[in-house]
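Me: Could you take me through a few of the labels on this one? I'd like the reasoning behind each.

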Amino acid sequence: MTITGRPGPEAGSASLTVGQVAAAAGVTANAVRFYERYGVITAHRNSGNARRFTVDAICRIRLALAAQRVGLTLKESADILAGIPPLSRDLGQWLAAGEELVRAGRARVDQLQATVNELATMDFLQDTRPHR
């Protein structure tokens, strides 16, 4: 989500370009815009209407990337990270978000393991109950 108009107090620190965030986070510029579109990160527009990000956008993208690797959606990551204000120096907030991402990731891994176990036995082929 891009914030336009009157920037908030954190806008003075919104000095990273899309390319700088992309390079630091290890993603493409298109990926940065994608993460912005899904609410994982937010940008402010400068006087030339270019996007500018705060340095915490890099951490947010890295956390979302890790969460994606275990199957979490960008919406799930964005929802978890939404509780952390831009430029928050509160390590407790970052740790809590990280712990929530770990919990959600573990739940997803458990769900996938159960599905793999079911597939390995092939018992579901003999089940006559309707499947959803």
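Reply: Sure, here are some questions and answers on burial and salt bridges, bearing in mind that this is a predicted model.

Me: Why is Ser 77 called buried?
Reply: Buried means under 20% relative accessible area, and Ser 77 comes in at 0%, so the label fits. Ser 77 sits in helix 4 (residues 74-81), and beyond its neighbours within four places in sequence it's in contact with Ala 64, Ala 67 and Leu 101.

Me: What makes Arg 51 and Glu 36 a salt bridge?
Reply: The cut-off is a side-chain nitrogen of Lys or Arg within 4 Å of a carboxyl oxygen of Asp or Glu. Here the closest N and O atoms are 2.6 Å apart, so the pair qualifies. Arg 51 is in strand 3 (residues 51-52) and Glu 36 in helix 2 (residues 29-37), so the bridge ties together parts 15 residues apart in sequence.

Me: Is each partner buried or partly exposed?
Reply: Glu 36 is at 2%, under the 20% limit, so buried. Arg 51 is at 24%, between 20% and 50%, so partly exposed.

Me: How do you know that Glu 100 and Arg 103 pair up?
Reply: Their closest N and O atoms are 2.7 Å apart, and with the cut-off at 4 Å that makes a salt bridge. Both lie in helix 5, three residues apart, about one turn of the helix.

Me: And why is Arg 103 called partly exposed?
Reply: Its relative accessible area is 47%, and exposed would need over 50%, so partly exposed is the right call.

Technical notes: Residues are numbered from 1 along each chain as its sequence is written. This is a predicted model: local features need pLDDT of at least 70, side-chain atom pairs count only at pLDDT 80 or more; totals for chains, interfaces and linings use all residues. Side-chain values use heavy atoms; hydrogens and water are left out. Helices (H or I, at least four residues) and strands (E, at least two) are DSSP runs, numbered from the N terminus. Buried means under 20% relative accessible area, exposed over 50%, partly exposed in between (1.4 Å probe, protein chains only). Contact means heavy atoms within 4.5 Å.
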